[in-house]
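Colleague: Could you take a close look at one part of this model, the paired strands, and then lead me from there to the contacts between side chains? A connected account for a first-year student would be welcome.

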Amino acid sequence: MKITLNVICLLLLVISSCGPFEKDRKALDTDLAKDAHSYANFNDVRVSHISLDLDTDFEKNILSGWAELSIVNYRGVKELILDTRDLDIDSVKLDNESLTKYSLGEASDVFGQPLKIKIQPTSKTVKVYYSTRPESAALQWLTPEQTFGKKHPFLFSQSQAILARSWVPCQDGPGVKFTYDAKVKTDPSLIVLMSAENKTEKSPDGEYTFQMTQPISSYLLAIAVGDLNYQSTGRNSGVFAEPDMLSKSVWELQSMQSMIDSAEQLYGPYAWEQYDVVILPPSFPFGGMENPRLTFATPTIIAGDRSLVSLIAHELAHSWSGNLVTNETWDDFWLNEGFTVYFEQRIMEKIFGKPYEEMLTKLGMGDLVNTINELEEEGKSADTYLYLNLEGRDPDDGLTDVAYEKGRFFLQVVENEVGRDLFDAFLNEYFENNKFKPMSTEGFIGQLYSNLLLTDEQRLAVDADSWIFGPGLPDNVPVPFSKELDRVEEDIAKFDNDIIAASQIDTSGYTTHHWLYLLRGLKKMTPEKMSEMDKAYKLSETGNSEIACDWFKHAIEQNYKSAYPYMEEFLIRVGRRKFLSPLYERLAQTEDNKKWALEVYKKARPGYHAVSYNSIDDVLEL
Ligand code: BES
Ligand code: ZN
């Protein structure tokens, strides 16, 4: 009996893997690569549009309403599997008529739960009635005290990488693209913004409608609700910010319109009509997030001297690399970020000149070398490849500076090989030919070889395989050069060798980037030197978040206690993970510092977004 069963199974296996089924499975040119971080059966049945109807409840901290998904059932299947995480599902309707059966699968902390919905091969829409939970990993509900104005509550989302599923049931992999529309109701004292066409004024009844008519991936779904005003910064750009922050923000981001114009000159028309930025409260866990038509940004870039605006160039560049041509899975993340850093530097060079770009690039190389060394020390060599293997892991853990900086330097190698004109022509064509489509690493290499690197000699010189499928930095890595920073290099040598006192560094003409290079380069710091520097340059009190973070790193290493009250204030006020992680990591190294950090964290944690507190919980082993 057992034998016959085995034989039957084997036969079925043979038929299904060599027979017409298998051929059919590969035959659809709509098929996407397997996505290790999504439960969705998107190669059987694909979501093409989502309509949302949501209410914001600032008492309960939940969104509730429905999501109606239009589907294309390529393979005539009877089940639609969506990604969800911490959603309460009330009911599900097919074609806005009949209730249908559904079930939630087993829950994973990272991936959430598959929502399995019974459908008919002829079903056109699936409407899910649901509400989010206060602990939704994407959403942060802020009390008025956590805003600048202190009068109104605030809500914002962060969907990348796989958090969209915690506020919208969807096929939550970057390869799936859909259009959307939404109706959102809130208190009339607040405005609702989404990654779509936005009104710039509050609506008297608190109701807002949105259209996103170009297809986007789920990680670009975004919402922000708060007391926000708007000011235009040019033909198709503008800034939303809380009333008290608006004029400062507009001043800081004065270069936005010229960034858009420069980007268009470099890589072709801006596809999304309007480009606005919303300045969020300080708990926003990232520097910026490239939500289409509306970049979300941390207020820590409002430094008062326009020195941190390259972040806007970066998020704007994603309007091409990422939002138009999208990494197919999170393993291909470098296609989003590496291209974007490269593009960002080209915009910065065009607007602020070559010496400015050179400083950014040299700082980027410093970050990259540190990241690679850390990953190697932790035995995570495979995370230093451009092409990642994040199967079974939270993608958030594997998305490091490597994708950004190693990706950028690889593209720099290609540029150096073929020359800027040819490379730019290639990139223009790449964005034009692949717009609104997912791109795999393999697909990119194919285009690189058939459209740009045509000879064996060029391919050998570029050595794409070592960059993409190998560890660390290949031999042909460019060596960044910056005359501006050479000057700082000399200051560092004099300081470290005690030739000059800490207060005698010639900082005239120093910009934020000189300071960062200096602080990162100083190797022989002592508490006395820190105190002397602090007297001369007031570094503990700096309003520049990037400089503050590097200064506090020294303070922890030197146990320079005068900076601790400032650091405490910083850790409580700012929720940007890029600053928090390195500080808490250093604090966790000694018993005394860890004790101090745990006390601070007790006060700070309630103000952080889930993205940040989940990382810091790990650092502090909570
Ligand atoms: N898309 C990223 C942010 C992101 C990446 C969120 C992966 C979640 C998962 C955004 O474009 C970004 O890179 N932001 C950087 C700033 C940039 C100038 C390097 C940041 O937030 O620090
Ligand atoms: Zn980015």
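Modeller: Two strands are said to pair if DSSP finds at least two bridges between them. The model is predicted, and the account begins with strand 10, which spans residues 154-157.

Strand 9, made of residues 139-142, runs antiparallel to strand 10, and 4 bridges join the two. Within this pairing, glutamine 140 has phenylalanine 156 of strand 10 as its bridge partner. Strand 10 also pairs with strand 14, residues 223-226, again in the antiparallel sense and over 2 bridges. Here phenylalanine 156 stands opposite alanine 224 of strand 14. Phenylalanine 156 therefore has a partner in strand 9 as well as one in strand 14. As for its faces, strand 10 is covered on both: Phe154 and Phe156 are buried on one side, and Leu155 and Ser157 are buried on the other.

Another strand offers a buried residue to examine. Leucine 52 belongs to strand 1, residues 46-57. Its relative accessibility is 3%, and because buried means under 20%, leucine 52 counts as buried. Leaving aside residues up to four places away in sequence, leucine 52 touches Trp66, Ala67, Tyr130, Val168, Asp181, Ala182, Lys183 and Met194. From leucine 52 to glycine 65 the C-alpha distance is 7.7 Å, with their positions 13 residues apart in sequence.

The next topic is the aromatic rings. A pair of such rings is described by the distance of the centres and the angle of the planes. The count of aromatic pairs comes to 36. In one of them, tryptophan 334 and phenylalanine 339 have ring centres 6.1 Å apart and planes at 50°, so this pair is tilted. Tryptophan 334 is buried, at 0% relative accessibility, and phenylalanine 339 is buried at 4%.

In another pair, the ring centres of tyrosine 387 and phenylalanine 469 lie 5.9 Å apart; their planes meet at 75°, so the pair is edge-to-face. This pair links distant parts of the chain, 82 residues apart: tyrosine 387 is in the loop between helix 7 (354-377) and helix 8 (395-398), while phenylalanine 469 is in helix 13 (residues 464-469). Tyrosine 387 is partly exposed, with a relative accessible area of 33%, and phenylalanine 469 is partly exposed as well, at 39%.

Rings can also be viewed together with charged groups. The charged end of arginine 408 sits over the ring of phenylalanine 409, at 4.6 Å from the ring centre. Arginine 605 lies over the face of tyrosine 613, 4.1 Å from the centre of that ring.

Conventions
Residues are numbered from 1 along each chain as its sequence is written. Chains are lettered from A and ligands numbered from 1 in the order in which they are written. This is a predicted model: local features need pLDDT of at least 70, side-chain atom pairs count only at pLDDT 80 or more; totals for chains, interfaces and linings use all residues. Side-chain values use heavy atoms; hydrogens and water are left out. Helices (H or I, at least four residues) and strands (E, at least two) are DSSP runs, numbered from the N terminus. Buried means under 20% relative accessible area, exposed over 50%, partly exposed in between (1.4 Å probe, protein chains only). Contact means heavy atoms within 4.5 Å. Rings of Phe, Tyr and Trp (its six-membered ring) pair if their centres lie within 6.5 Å; planes under 30 degrees apart count as stacked, over 60 as edge-to-face and the rest as tilted. A charge sits over a ring if NZ of Lys or CZ of Arg is within 6 Å of the ring centre and within 35 degrees of the ring normal.
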